[in-house]
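Reader: I would like to learn how to read the features of a protein model with some care. Could we take them one by one, with the general idea before the case at hand?

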Amino acid sequence: MPTILVVDDEKMVRASLRCSLGQAGHAVVEAESGLAALDLLRQRPFDLVFVDIFMPHSDGIETILGIRREGYHVPIIAMSGGGHRMNMDFLAMAKKLGANEILQKPFRHRELVSLVARFTGGATPLTRTNRAPRG
């Protein structure tokens, strides 16, 4: 069973994703900030990470950069309902800076499950590493 890390400062969004992904047979771990997400990644492997773009303290872009800087190769899906702000497309920026895919909120359950299936491919956390070997 793939294990997915959901990073979003909004409790209701995390609960909604946990419910949808759980119904699809995935284990879900939640983090309410980018800093908490990095701590969790240091403790255990994940098959996929969902990261909200607009969060206080450490936003999604900083979180994605931190995940990549620490050498994790776990697939990342950046998500946001914020759209364009100040003529900047933050989802497109997230993809250029390390996210594997983007997801515009609100999204449908079918779209979410299809995207997860594309990235997990049936792998389990016990047989897959999300960090590059050092050396």
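**Salt bridges, sheet and helix**

Author: Let us begin with one ion pair: in this predicted model, the side chains of K105 and D8 meet in a salt bridge, with 2.8 Å from N to O. The pair links distant parts of the chain, since K105 belongs to the loop between β7 and α5 (109-120) while D8 belongs to the loop between β1 (3-7) and α1 (11-23), and the two positions lie 97 residues apart.

Reader: Are K105 and D8 buried or exposed, and how is that decided?

Author: The general idea is a threshold on relative accessible area, where buried means under 20% and exposed means over 50%. K105 counts as buried because its relative accessibility is 16%, and D8 is buried as well, because its relative accessible area is 0%.

Reader: Which residues are joined with K105 and D8 into one network, and what is the count of salt bridges by this rule?

Author: A salt bridge here is a side-chain nitrogen of Lys or Arg within 4 Å of a carboxyl oxygen of Asp or Glu, and by this rule the count comes to eight. Where salt bridges share partners they can be read as a network, and in this case D8, D52 and K105 are joined into one.

Reader: How should I read a salt bridge within a helix, and what separates D39 from R42?

Author: An α-helix has 3.6 residues a turn, so residues three or four places apart point the same way. D39 and R42 are three residues apart in helix α2 (residues 34-43), and are therefore separated by about one helical turn. Their salt bridge has its closest N and O atoms 2.7 Å apart. D39 is partly exposed, at a relative accessible area of 39%, and R42 counts as partly exposed too, at 45% relative accessibility.

Reader: Where does E70 lie, and what does its pairing with R42 tie together?

Author: The side chains of R42 and E70 meet in a salt bridge of 2.5 Å, N to O. R42 lies in helix α2 and E70 in the loop between α3 and β4, so this pair ties together parts that are 28 residues apart in sequence. E70 is partly exposed, with a relative accessible area of 23%.

Reader: Turning to the fold, how many helices and strands does the chain have, and in what order do the sheet strands stand?

Author: It helps to keep order along the sequence apart from order across a sheet. The chain has five helices and seven strands, and from the N terminus on its elements run β-α-β-α-β-α-β-β-β-α-β-α. Across the open sheet, five strands stand in the order β2-β1-β3-β4-β7, and their pairing is parallel. The edge strands are β2 (27-31) and β7 (101-104), each of which pairs on one side only, and neighbouring strands of this sheet are turned by 20° against each other on average, direction ignored.

Reader: What joins β4 to β7, and which residue of β7 stands opposite M79?

Author: Strand β4 (residues 76-80) pairs with β7 in the parallel sense over four bridges, and the residue opposite M79 is L103.

Reader: Which strands does helix α3 touch, and which of its residues are buried?

Author: For a helix on a sheet, one reads both the contacts and the angle between directions. Helix α3 (residues 60-69) packs on the sheet, touching β3 (48-52) and β4, and its direction makes about 150° with that of β3. Its buried residues are G60, I61, T63, I64, G66 and I67, and these pack against α2, β3, β4 and α4 (90-96). At the N-terminal end D59 caps α3, with a side-chain oxygen 3.0 Å from the backbone nitrogen of I61, whereas just after α3 the residue G71 takes a positive phi of about 90°.

Reader: Last, where is E101 placed, and which side chain does it meet in a polar contact?

Author: E101 is placed in strand β7 and is buried, with a relative accessible area of 14%. A polar contact of 2.6 Å joins its side chain to that of R118. Leaving aside residues up to four places away in sequence, E101 touches several residues, among them I76, I77, K95, L115 and F119.

Note on methods: Residues numbered from 1 in each chain as written. Predicted model: local features only at pLDDT ≥ 70, side-chain atom pairs only at ≥ 80, totals over all residues. Heavy atoms only, no water. Pairing = 2+ DSSP bridges. Axes fitted to C-alpha atoms, helices over the stretch in contact; angles between N-to-C directions. Contact = heavy atoms within 4.5 Å. Buried < 20%, exposed > 50% of the residue type's maximum accessible area, 1.4 Å probe, protein only. Polar contact = N/O pair within 3.5 Å; in protein donor to acceptor, adjacent residues only side chain to side chain.
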